[in-house]
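Reader: I should like a close look at the aromatic residues of this chain and at how they are packed together. Please begin with the surroundings and then take the ring pairs and the core in turn, with the cut-offs stated for each term.

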Amino acid sequence: MCGSLSGTCSTLLFQPLDLVKTRLQTLHSNMQPGSARVGMVTVFLSVVRTEKLIGLWKGVSPSFVRTIPGVGIYFSTYYSLKQHYFLEQGPGAMESVLLGAGARTVAGVCMLPVTVIKTRFESGRYGYVSVAGALRSVCQTEGPRALFSGLTATLLRDAPFSGLYVMFYSQGKNTLPQEISTSPYAPLANFSCGILAGVLASLVTQPADVVKTHVQVSPHLYKRTADAVRYIYNEHGFQGFFRGGVPRSLRRTMIAAMAWTVYEQLMSRMGLKS
């Protein structure tokens with residue numbers, strides 16, 4: 001419940017960044033060779049101009065359907081693993097990586113069908129009206145297997161991101177003086193640790209996010225994840241794997257920092273050790 005509530009708040013606030021990130025990553029297929037580079041602000045203004053301000057929240061319904069149970073599954077898995085294996089002492093750096101990666105793998109696999117729908121909503125290439133209708137349409141036209149497209153790229157993105165995030169976050173918190181951790185400024189300190197952890201983890205996992213978006217938006221073009229990797233490299237070179245990095249880093253960093261801060265505050269209010 002604590003995880004789901006924290007995910008709801010952060011998703012609603014930062015959905016526009018996710019939409020801009022998806023549009024940036026899929027923009028290349030509509031562009032002619034030699035076209036001027038398009039940035040985050042250009043895409044943002046284009047969406048507002050053509051789809052109005054509310055267009056920035058396109059895909060928020062599948063985001064909610066994915067995030068509310070997904071973040072709940074993530075935090076409950078994380079909490080269960082931590083209570084089972086690290087009840088006496090806190091996890092070290094490498095143990096934190098495994099803890100975060102394990103929890104994210106469970107949540108990522110469970111919520112992948114909705115992730116596929118969310119990515120397609122945000123791309124603007126599909127005329128889906130509702131999440132249920134989109135799921136039904138994909139099953140009828142492409143088969144249920146399409147709902148799990150990009151599984152490899154998703155896990156290569158999410159498991160390392162969460163593992164690195166938990167490591168950077170927990171190590172950052174451990175360096176805080178005791179008087180700050182127990183003061184009224186503890187939520188602000190936790191949020192700052194979360195921002196630093198999010199930026200570092202986002203940069204490392206950005207290439208996998210670009211590949212995942214390509215596979216999920218155009219599954220008919222790529223039979224394997226390696227095909228998407230080859231295509232992106234051939235078309236855009238190494239920098240193509242970092243397309244959409246700024247909005248994604250902003251969104252993932254702020255969402256993760258807010259989710260962990262809200263989660264820990266809710267847990268402490270309920271008398272549970274987070």
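Author: Thr 26 lies in helix α1 (residues 2-26), where helices are DSSP runs of H or I with at least four residues, strands are runs of E with at least two, and both are numbered from the N terminus. The model is a predicted one, in which local features need pLDDT of at least 70 and side-chain atom pairs count only at pLDDT 80 or more, while totals for chains, interfaces and linings use all residues. Residues are numbered from 1 along each chain as its sequence is written, and side-chain values use heavy atoms, with hydrogens and water left out.

At 5% relative accessibility, Thr 26 counts as buried; buried means under 20% relative accessible area, exposed means over 50%, and partly exposed lies in between, for a 1.4 Å probe and protein chains only. Leaving aside residues up to four places away in sequence, Thr 26 touches Arg 125, Thr 213 and Val 217, a contact being heavy atoms within 4.5 Å. The C-alpha atom of Thr 26 is separated by 36 Å from that of Glu 264, 238 residues apart along the chain.

A second buried residue, Ser 63, has a relative accessible area of 1% and lies in helix α3. With residues up to four places away in sequence again not counted, its contacts are Thr 11, Gln 15, Lys 118 and Glu 122.

Helix α3 leads to the aromatic residues. The count comes to 15 aromatic pairs, where rings of Phe, Tyr and Trp (its six-membered ring) pair if their centres lie within 6.5 Å, and planes under 30 degrees apart count as stacked, over 60 as edge-to-face and the rest as tilted. One of these pairs is edge-to-face because the planes of Phe 75 and Trp 260 stand at 70°, with ring centres 5.0 Å apart. This pair links distant parts of the chain, since Phe 75 belongs to helix α3 (residues 60-85) and Trp 260 to helix α10 (residues 245-269), 185 residues apart. Both partners are buried: Phe 75 has 3% relative accessibility, and Trp 260 has a relative accessible area of 4%.

The pair of Phe 238 and Phe 242 has ring centres 5.6 Å apart and planes at 55°, so it is tilted. Phe 238 is exposed at 59% relative accessibility, whereas Phe 242 is partly exposed at 35%. Phe 238 is found in the loop between α9 (225-236) and α10, and its C-alpha atom is 9.2 Å from that of Pro 207, 31 residues apart along the chain.

Ring pairs join Tyr 74, Phe 75, Tyr 78, Phe 161, Tyr 165, Tyr 169, Trp 260 and Tyr 263 into a cluster. A charged side chain adjoins one of these rings: Arg 104 lies over the face of Tyr 74, at 4.2 Å from the ring centre. A charge sits over a ring if NZ of Lys or CZ of Arg is within 6 Å of the ring centre and within 35 degrees of the ring normal.

The nonpolar core comes next. Such a core is a set of buried Ala, Val, Leu, Ile, Met, Phe, Trp, Tyr and Cys residues joined through side-chain atoms within 4.5 Å. The largest one has 25 residues, of which Tyr 74, Phe 75, Tyr 78, Tyr 165, Tyr 169, Trp 260 and Tyr 263 touch the most other members. Two or more residues of this core come from each of α3, α4 (93-123), α6 (151-174), α8 (186-217) and α10. A second, separate core of 8 residues includes Ala 153, Val 210, Val 215 and Tyr 222.

The loop between α2 and α3 offers exposed residues. Helix α2 covers residues 40-51, and just after it Lys 52 takes a positive phi of about 65°, in a residue other than glycine. Lys 52 lies in that loop and counts as exposed at 60% relative accessibility. Leu 53 is found in the loop between α2 and α3 as well, and is exposed with a relative accessible area of 53%. The C-alpha atoms of Leu 53 and Pro 16, 37 residues apart along the chain, are separated by 9.6 Å.

Finally, the record: the unreviewed UniProt entry carries the annotation "repeat: Solcar" over residues 1-84, 91-175 and 185-269. UniProt positions are given in the numbering used here, feature names are shortened, and annotations may be inferred rather than shown by experiment. Residues 91-175 are 78% helix and 0% strand, with the end C-alpha atoms 14 Å apart. For residues 185-269 the values are 81% helix and 0% strand, with the end C-alpha atoms 15 Å apart.

Notes
The expected span of a helix is 1.5 Å times one less than its number of residues.
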